[in-house]
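Got your viewer open and a hand on the mouse? Let's walk through this model one selection at a time.

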Amino acid sequence: MYENEDSGPARYDLLVVGSANADLVIGVDRRPAPGETVLGSDLAVHPGGKGANQAVAAARLGARTALLARVGDDAHGRLLLESQRSAGVDTTGVLVGGAPTGVALITVDPTGDNSIVVSPGANARLTPQDIRAAGPLLSAARVVSVQLEIPLDTVVETARVLPAGTRLVLNPSPPAPLPAEVLAACDPLVVNEHEARFILGQDAGTTPESWARALTALGPRSVVITLGAGGALAADTRTGDCVRVPSPEVDAVDTTGAGDAFTAALAWRLGLGEALPVATALAVRVGAAAVTREGAQASFPTAEEVGAL
């Protein structure tokens, strides 16, 4: 059943279709090598998942946001729903039950870099039928953002039933082979270096500009490549632009969720009609602000905090 069946759809700046996980986080002096055990900090439990993260990040910035996801009827599911509501996200599209809530096991080293293993749980039960049943939500959104922590056939169905005039933003994380019809619907495809190289394989080239050219040749209308402390690169097939956007210098504490904050900000601003390089510049600042705090959703900035960078 839907978590809140009585709420009618409003007009959303952003609908996020994706995962909702409980993040189980341990700080370590260094990540273990194969076969090695290391001691870590006390376990911390945070609301996470790429879909839930993007929804909270967008809502905290001021976007009218909804989430289409599935959680378990358990304590982790209740944690995630409370986090969404506290941020102002519409949870009409959150389905409850079918499997335990997804869990992400995260280790974070002193530089802020992380390693993540995800148990999908209820995320793996978000089906194409769920997407078709949520037609009013999709019709009410300017932009729909998806990731790959839900089944690929569910992502394909999202692209297939996307209403005319609604923009699709895809972050293919964790990376997987993408059907041509999904790539053709992306506007933009948002990737980091690892994801770009996975998609392109031997044809990746050596520079972000070469990755962007090769990726757009696969069908996306636009591509954004995140470059960590180096900012991002935005390429748009309609204008022919391929623009580097620098990042402000910040002291990184924890990179968990920074890419989700970036993508959410980008999708929101594109839905408001901003040009791709302009929206990317704001997204870079949001991602930079997110790495200055620990955790995923807890680290996401407000618009005022982004302006202070």
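Which ring does the charged end of arginine 269 sit over? Select arginine 269 and tryptophan 268 together, and you'll see the charged end of the arginine over the tryptophan ring, 4.6 Å from its centre. Keep in mind as you look around that this is a predicted model. While you're thinking about rings, here's a quick one: a search of the whole structure for aromatic pairs finds 0.

**Stop 1: a helix pair**

Now select helix H9, residues 258–271, and helix H10, residues 276–290. Their axes are 8 Å apart, and the helices pack at an angle of about 150°. Angles over 145 degrees count as roughly antiparallel, and H9 and H10 are therefore roughly antiparallel to each other. The way H9 passes H10 is a right-handed crossing. To see who does the touching, show side chains: on H9 the contact includes Ala258, Phe262, Leu266 and Arg269, and on H10 it includes Leu276, Leu282, Val286 and Ala290. Yes, that's the arginine from the start of the tour, the one over tryptophan 268.

**Stop 2: the sheet of 4 strands**

Next, colour strands E3, E2, E6 and E7; in that order, these 4 strands form an open sheet with mixed pairing. E3 (44–48) and E7 (114–119) are at the edges with a single partner strand each, so one side of each has no neighbour in the sheet. On average, neighbouring strands here are turned by 25° against each other, ignoring direction.

Zoom in on E2 (residues 21–27) and E6 (residues 102–108): they run parallel, joined by 7 bridges. Pick leucine 24, and you'll find leucine 105 of E6 standing opposite.

How do E6 and E7 run, parallel or antiparallel? They run antiparallel, and 6 bridges join them. Click on valine 103 and look across to its bridge partner in E7, serine 119. Then follow the chain round the hairpin of E6 and E7, which has 5 residues between the strands. Glycine 112 in this hairpin takes a positive phi near 95°.

**Stop 3: helices H2 and H1**

Stay by this sheet and select H2, residues 75–87. This helix lies across E2, E3 and E6, running at about 60° to E3. Now add H1, residues 50–61: the axes of H1 and H2 come within 9 Å and cross at roughly 20°. That makes H1 roughly parallel to H2. Their crossing is left-handed. Residues making the contact include Ala52, Val56 and Arg60 of H1, along with Ser83, Gln84 and Ala87 of H2.

**Stop 4: the sheet of 9 strands**

For the last stop, select the open sheet of 9 strands, again with mixed pairing. Trace the order as you go: E5-E4-E1-E8-E9-E10-E11-E12-E13. The edges belong to E5 (94–96) and E13 (242–245); each has a single partner strand, so one side of each is left without a neighbour in the sheet. From one strand to the next, the twist averages 15°.

Which residue of E13 is the bridge partner of leucine 233? It's arginine 244. The strands involved, E12 (residues 232–236) and E13, run antiparallel and are joined by 4 bridges. Finally, switch on H8, residues 208–216, which packs on the sheet. H8 touches E10 (186–191), E11 (222–226), E12 and E13, and its direction makes about 145° with that of E11.

Methods
Residues are numbered from 1 along each chain as its sequence is written. This is a predicted model: local features need pLDDT of at least 70, side-chain atom pairs count only at pLDDT 80 or more; totals for chains, interfaces and linings use all residues. Side-chain values use heavy atoms; hydrogens and water are left out. Two strands pair if DSSP finds at least two bridges between them. Helices (H or I, at least four residues) and strands (E, at least two) are DSSP runs, numbered from the N terminus. Axes are lines fitted to C-alpha atoms, for helices over the stretch in contact, and angles run from 0 to 180 degrees between N-to-C directions. Contact means heavy atoms within 4.5 Å. Rings of Phe, Tyr and Trp (its six-membered ring) pair if their centres lie within 6.5 Å; planes under 30 degrees apart count as stacked, over 60 as edge-to-face and the rest as tilted. A charge sits over a ring if NZ of Lys or CZ of Arg is within 6 Å of the ring centre and within 35 degrees of the ring normal. Angles under 35 degrees count as roughly parallel, over 145 as roughly antiparallel, 65 to 115 as roughly perpendicular and the rest as oblique. A crossing is left-handed if the near helix is turned anticlockwise from the far one by less than a right angle, and right-handed if clockwise.
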